[in-house]
Amino acid sequence: MTQHDTTFPEHFLWGTATSAYQIEGSPLADGAGPSIWERFVHTPGLTIGGDTGDVACDHYRRWREDVRMMADLGLRAYRFSVAWARVLPEGRGTVNTKGLDFYSRLVDELLAHGITPLTTLFHWDLPAALDDRGGWLNPDIAHWFADYADVMFKALDGRVRHWATLNEPWVVTDGGYLHGALAPGHRSLYEAPIATHHLLRAHGAAVQRYRSVGKHQIGLVVNLEPKYAASDSAADQAATRRAHAYMNGQYLDPVFLGRYPEEMREIFGAAWPEWPAADHELIKQKLDFIGLNYYTRSVTRDAPEAWPVRAGRVIQPQATYTETSWEVFPQGLTDTLAWIRERYANPPVYITENGAAFYDPPVAENGRVADALRVDYLRKHIGAMHAAIAAGSDVRGYMAWSLLDNFEWSLGFAKRFGLVHINYATQQRTPKDSARYYSRVVASNGAAL
Ligand SMILES: N=[N+]=NCCCCNC(=O)[C@@H]1[C@H]2[C@H](O)[C@@H](O)[C@H](O)[C@@H](CO)[C@@H]12
């Protein structure tokens, strides 16, 4: 590839991403069991405006229309997640065939339109019945998850050739067990490391199971956020090392290197357990790819008040920020891909999420949504990804987050990440300018950047 050539490798997989609870609606339809998010959103005060995923984008009923829209946009791939409690209402035991059939039909419809499915087994919506048994704090969850994964592998493997075990274990632990902003809403220094470890053991158990029943590819999706020291001071440098270990190394080091970063004990102190070697062997299953979710960076300073990592984010006055207060920093994607390449011996990577929430203008009379900021965000980040590929990173695909405006967890519907606008009152879908732009990028394999 020459300097100005932005075409991507042949067969580069261009698509979009969503997750079950954020778009499907009908969370209890056809025998599905409740998830911890069903409980969380119906607990007053835990989501902005009391928003819930009861309807969301009504994708559970409009899925054919949505697949047709992906095909009309020329998308080649689609990353979605399976709601565990649709398939196993109690999280384990009896399979709900109607729940499984929803995903089987979705996969067949995608394939019929020439769209490659990438399937995430867990995207935060843990079955409530398992949470009642301790959820990610119960060591038994490793085999509960592997048994659920086994059901999905046997039902869909072959039609689905790209599996991801977990989506963003960091967010599950940091949001759900340390700070409590996300389901199940715990706030515990002692629970967080246990949740992390059991998430990683469950991941390892599912990958191990896949190696005995599956024939294609399986990986782990992590959100990585590069940390840049705010100054050369020892305190800021140390805080940056802690923040990097906590958000980035804490998940990939155990999987690729068989150990946690040494900074973890410094961060958690007495709350950081010692785990048996057998656990590390289970976690360290060989992966076929890393799924990278990239959104932003952090310029990091020492912050003794910022429990427990003691690292703070320094606002960059000259930067553009998204509606979720994330700095737009495309270089961070190039740097993160270089870090993966160098630290973990250049594993295959799919960018499984990249996108931004901006304040979009309303749908105009002519049907346009002129989301210029999102077009610019995509252009710059796809360019940053290309720079990493030119430097040797083995990046194999890019899934823009998100296909649709959707339920943004505790922020509800207030934040719009979609390439396609959703009118929640009518459920009308309207491709934004960013969708039209992305269609051209996909059709030209990156040349029309
Ligand atoms: N602070 N800070 N820095 C950035 C940390 C990002 C952590 N959140 C994510 O990555 C979530 C991921 C999730 O998969 C999806 O379900 C969410 O809708 C998107 C958008 O929020 C992203």
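In this predicted model, α10 makes the largest contribution to the lining of the second largest pocket, with five residues. Together with α13 (331–343), α10 is one of the elements that give two or more residues to this lining. The volume of the second largest pocket is about 170 Å³. Its walls are formed by R241, H244, A245, G249, D253, R259, Y260, P261, E262, E263, W339 and R343. By class, six of these lining residues are charged, four are nonpolar and two are polar.

The largest pocket encloses about 1100 Å³ of space. A total of 42 residues line the largest pocket, and W170, D174, M247, R313 and W326 lie nearest its centre. At least two lining residues are supplied by each of α8 (169–178), α10 (234–257), β8 (298–302) and β9 (311–313). Of these elements, α8 provides the largest share, four residues. The lining of the largest pocket comprises 21 nonpolar, 14 polar and seven charged residues.

The ligand is located in the largest pocket. Its surroundings consist of 19 residues, the closest being Q22, E168, E225, E353 and E408. This shell contains eight nonpolar, six polar and five charged residues. Several polar side chains approach ligand heteroatoms. For E225, a polar side-chain atom is found 2.5 Å from a nitrogen atom of the ligand. In the case of E353, an N or O atom of the side chain lies 2.7 Å from an oxygen atom of the ligand. The side chain of R313 places an N or O atom 3.2 Å from a nitrogen atom of the ligand. The ligand taken alone exposes 510 Å², of which 89% is buried by the protein. R313 thus appears both in a polar approach to the ligand and among the residues nearest the centre of the largest pocket.

Enclosed space was examined as well. The structure contains four cavities of 30 Å³ or more, and the volume of the largest cavity is about 140 Å³. Its lining is made up of 17 residues, with Y21, P27, S35, A83 and D125 lying nearest the centre. Two or more residues of this lining are given by each of α1 (20–23) and α4 (84–87). The largest share, three residues, belongs to α4. By class, the lining of the largest cavity has nine nonpolar residues, alongside four polar and four charged ones.

Conventions: Residues numbered from 1 in each chain as written. Predicted model: local features only at pLDDT ≥ 70, side-chain atom pairs only at ≥ 80, totals over all residues. Heavy atoms only, no water. Near = heavy atom within 4 Å. Polar contact = N/O pair within 3.5 Å; in protein donor to acceptor, adjacent residues only side chain to side chain. Areas by Shrake-Rupley, 256 points an atom, 1.4 Å probe, with all protein chains shown as cover. 1 Å grid on protein atoms, 1.4 Å probe; cavity = no way out; pocket = protein on both sides within 12 Å on 5 of 7 lines; lining within 4 Å. Sits in = over half its atoms within 2 Å of the grid points. Nonpolar A, V, L, I, M, F, W, Y, C, P; charged D, E, K, R; others polar. Points joined across faces, edges and corners; volume = space filled by probe spheres on them.
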